[in-house]
Amino acid sequence: MAVTSATAASSPGLTRNHLSQRKVIAVEIAVAGGTGVLGSLVVEELARRGHAVRALSRRAPGRPVAGAEHRAVDLTTGAGLREALAGADAVVDAANRNDRRAAAVLVEGTKRLVESAAAEGAGHIVEISIVGIDDVPLSYYMVKLEQERAIQQGDVPWSIVRATQFHQLLDWVFGSAARFGVVPSGRFPVAPVDARVVARVLADTVESGPGGRVAEVGGPRSEPLADLARTWMTSTSGRRHAVRVALPMRRRMRASLAAGGLVPADGAIVDGPSFAEWLRVRSAATAGASALARTAG
């Protein structure tokens, strides 16, 4: 698959995409998990760039993206995959699951996705993964490592992008815990990133062609979780009196996080707003929408 005027790197070594001087040719791209938090942003970004995009998921999106179509698939059974991938030049795997069925979707489902993509002649598959999964002893991270191996051992040329935690995820975690009067805290560093930045990097990676492990992606600032929690509490209405509570963890987990397990390596793509900046923009947008609703009412 040729999607740019330059030949993309095919080495599995660490690379970084530089697309500013490349002439991109529109192609057919399928996005697994295309209605999720990240996947929907990837669909929007690729459609904005003029590609023909298919959002793959079990259910159609509530708000369809202009220039994109939806295809119903089930990664756990393979239903609809071959039909959805027919004629696709590239595939982005943004599907996610973080519960007891994580392996069924992220490992077995990814194997089905790769097999179907190979059978339909796709020339590139791009996988989103997580910074630190080699070092941080979480069961979910072990599943993500297995998912990476499924991509690497498949018959479709591949790229893997590892990203840090999304601002959107931290906001959800803090908000969910605050309902019970607490907010998770800790001294270990985190470098959260706006999911829109990751979506742009994934789109760049599709256009760049197979590159193996490309550069990691993180936010512009590494901060202790405790500082991020404080920022969230002071900027989020109604949550300022929640109590910050240090996360209980075993010694190995504490050591890996303290050593920067959630922070991207040197040479990472670092971009987008800080968590505080993202919260300010989100709060302003929410306030504007509320004011508009009051005016309309």
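In this predicted model, the side of the chain around L85 makes a convenient starting point: leaving aside residues up to four places away in sequence, L85 touches A30, R54, L56, V91, L113, S116, A117 and E120. Two of these partners, L113 and E120, return below in other roles.

**The nonpolar cores**

L85 belongs to the largest nonpolar core, which has 49 residues, and it is listed there with L113, I125, F174, V183, W232 and F275 among the residues with the most contacts inside that core. The element that gives the most to this core is helix α3, spanning residues 102-119, which supplies 7 residues. Besides this core there is a second, separate one of 33 residues, and its members include L46, A94, V197 and L202.

**The chain as a whole**

How many helices and strands does the chain contain? There are 9 helices and 13 strands. Of the 297 residues in the chain, 49% are buried. Among contacts with a separation of 6 or more, 77% are made by residues that lie 24 or more positions apart. The accessible surface of the chain comes to about 14400 Å², and carbon and sulfur atoms account for 52% of this area.

**Salt bridges**

A search of the whole structure finds 18 salt bridges. Three of them are set out here, each with the distance between its closest N and O atoms or from N to O.

| Salt bridge | Distance | Relative accessible area of each partner |
|---|---|---|
| E120 and R82 | 2.6 Å | E120 25%, R82 43% |
| D99 and R97 | 2.8 Å | D99 40%, R97 23% |
| R149 and E146 | 2.5 Å | R149 34%, E146 38% |

The pair of E120 and R82 links distant parts of the chain, since E120 sits in the loop between α3 and β5 (124-130) while R82 is in helix α2 (residues 81-85), and the two are 38 residues apart. E120, which is also one of the residues that L85 touches, is partly exposed with a relative accessible area of 25%, and R82 likewise counts as partly exposed at 43%.

Where do R149 and E146 lie relative to each other in helix α4? Both are in this helix, which covers residues 139-152, and because they are 3 residues apart they are separated by about one helical turn. Their side chains meet in a salt bridge with 2.5 Å from N to O, and R149 is partly exposed, as is E146.

In the bridge between D99 and R97, D99 is partly exposed and R97 is partly exposed as well. Elsewhere, salt bridges are joined into a network that links E45, R48, R49, D204 and E207.

**A nonpolar patch on the surface**

Nonpolar side chains are also found outside the cores, because F180, V182, V243 and V245 form a patch on the surface, and a residue must have over 30% relative accessible area to be part of such a patch. Together these four residues have about 380 Å² of accessible area. V182 is found in strand β7, which consists of residues 182-185. Is V182 buried or exposed, or does it fall in between? With a relative accessible area of 32%, V182 is partly exposed, so it passes the cut-off of over 30% that applies to patches.

Definitions and conventions:
Residues are numbered from 1 along each chain as its sequence is written. This is a predicted model: local features need pLDDT of at least 70, side-chain atom pairs count only at pLDDT 80 or more; totals for chains, interfaces and linings use all residues. Side-chain values use heavy atoms; hydrogens and water are left out. Patches are made of residues with over 30% relative accessible area and no salt bridge: like charges are joined within 9 Å, nonpolar side chains (Val, Leu, Ile, Met, Phe, Trp, Tyr) within 5 Å. Accessible areas come from the Shrake-Rupley method with a 1.4 Å probe; for residues, only the protein chains shown count as cover. Helices (H or I, at least four residues) and strands (E, at least two) are DSSP runs, numbered from the N terminus. Buried means under 20% relative accessible area, exposed over 50%, partly exposed in between (1.4 Å probe, protein chains only). A nonpolar core is a set of buried Ala, Val, Leu, Ile, Met, Phe, Trp, Tyr and Cys residues joined through side-chain atoms within 4.5 Å. Contact means heavy atoms within 4.5 Å.
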